[in-house]
Amino acid sequence: MFAGFFIMKIKLIIQDDHKDIRLDTLVSNFFEACSRNRAVALINSCDIRVNQVAKKPGYRVKTGDLVTGNVPDPEDDFKVLSENIHIDIVFEDSHIIVINKKPGLVVHPAPGNFSGTLVNALLWHEPGIKNVGDDPRRNGIVHRLDKDTSGLMVVAKTDHALNFLQKEFKHRRVEKRYLALVSGHLAEDRGEINLPIGRHPVKRKLMTVNAETGKPARTLWTLKQQFKTAGLVEAVLKTGRTHQIRVHFYALDHPLIGDPVYQPKRFRKRKSMAARQMLHSGQLSFRHPWSGKRIFFEAGLPQDFLDTMEALKSVS
């Protein structure tokens, strides 16, 4: 059994469209706080049952099955440790750190990634960050980038800076410009995607365009370079929804090259020319939390992004 207090109670009646799914897959897909490995552990420890009976993780659920249980918090006693991990610092003063995040780096600890994150690296670089903010697993974190998205992030070194910048993001006074390689031929040179985004109704870790329950989401885009099978676009976020650029271009049938998740079924079995989604936070502009003056930062494309562009040029 896991120690800690319960953060989630599971009660799920299986419908026809979910039958024959493995129990561990079902639990991890439906509940964001539960990774696949953690679902297996909870099922094996009988914290999650089917029709009040213990089952194996590989059990295939049937229509009408009642899946019940509790998902306790595995992080109650978890402490984030400092780790000597290199980070590319673009700018730093006594209030903020601006970082050019490398692809593959998780921003903060979470189930499945309790170490090796940006927060672990920040605590090594600046131990005082451990006192910034109320969440000890997100010390100084103002906003996030996906694990495999590269580019600029701003981190707060004081509570004042954290509160100020969080409000700036909330009121959309921060300008973020991304570069993305999207599949297919774009018929226009520029456009606006205005589609609401919310949680996927089945795969709860994913986002989707959802007119009924989604929140407003706007992405402005400009075509910078057209290749035969893809386009380099600059995307400006007018809202900050999770996976916004990835979901929006997927909805237009122009999924990001290398994105392993938001891809049409016809592309999923093809080997991609990129090992991660080709998305880079290239420009970031905001008001400094102390002076109030607007400051601007820019980060060049990482090598894997440049290599993918070269590969696209060679496609005949």
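Two strands are taken to pair if DSSP finds at least two bridges between them. Helices (H or I, at least four residues) and strands (E, at least two) are themselves DSSP runs, numbered from the N terminus. The structure described here is a predicted model, in which local features need pLDDT of at least 70 and side-chain atom pairs count only at pLDDT 80 or more, while totals for chains, interfaces and linings use all residues. Residues are numbered from 1 along each chain as its sequence is written, and side-chain values use heavy atoms, with hydrogens and water left out.

A good place to begin is with the strand pairs. Strand S4 (residues 88-92) pairs with strand S5 (residues 96-101) in the antiparallel sense, over four bridges. Within this pair, Asp88 has Asn100 of S5 as its bridge partner. Three residues make up the link of the hairpin that joins S4 to S5.

A second antiparallel pair is formed by strand S13 (residues 279-287) and S14, joined by five bridges. Here Arg287 has Arg294 of S14 as its bridge partner. S13 and S14 also form a hairpin, with six residues between them. In the turn of that hairpin, Gly292 has a positive phi of about 80°.

Strand S14 (residues 294-298) rewards a second look, with its side chains in view. In a regular strand the side chains alternate between the two faces of the sheet. Along S14, Ile295 and Phe297 point to one face and are buried, where buried means under 20% relative accessible area, exposed means over 50%, and partly exposed lies in between (1.4 Å probe, protein chains only). Arg294, Phe296 and Glu298 point to the other face and are not buried.

The helices come next. Two packed helices are described by the angle between their axes and the distance between the axes. Helix H1 (residues 23-30) packs with helix H2 (residues 36-44) at an angle of about 125°, and their axes are 8 Å apart. That angle makes H1 oblique to H2, since angles under 35 degrees count as roughly parallel, over 145 as roughly antiparallel, 65 to 115 as roughly perpendicular and the rest as oblique. Axes are lines fitted to C-alpha atoms, for helices over the stretch in contact, and angles run from 0 to 180 degrees between N-to-C directions. On the H1 side, the contact (heavy atoms within 4.5 Å) is made by Leu23, Asp24, Thr25, Val27 and Ser28. On the H2 side, Arg36, Ala39, Val40 and Ile43 take part.

Ahead of H1, Gln15 sits in the loop between strand S1 (6-13) and H1. Gln15 counts as partly exposed because its relative accessibility is 44%. Although Gln15 and Val61 are 46 residues apart along the chain, their C-alpha atoms are separated by 9.6 Å.

Further along, helix H5 is mostly covered, with six of its eight residues buried. These buried residues are Gln244, Ile245, Arg246, Val247, His248 and Phe249. H5 is followed by Asp253, which lies in the loop between helix H5 (244-251) and helix H6 (265-268). Asp253 has a positive phi of about 65° although it is not a glycine. With a relative accessibility of 40%, Asp253 counts as partly exposed.

Arg172 is another residue other than glycine with a positive phi, in this case near 60°. Its place is in the loop between helix H4 (159-170) and strand S7 (175-183). At 51% relative accessibility, Arg172 counts as exposed.
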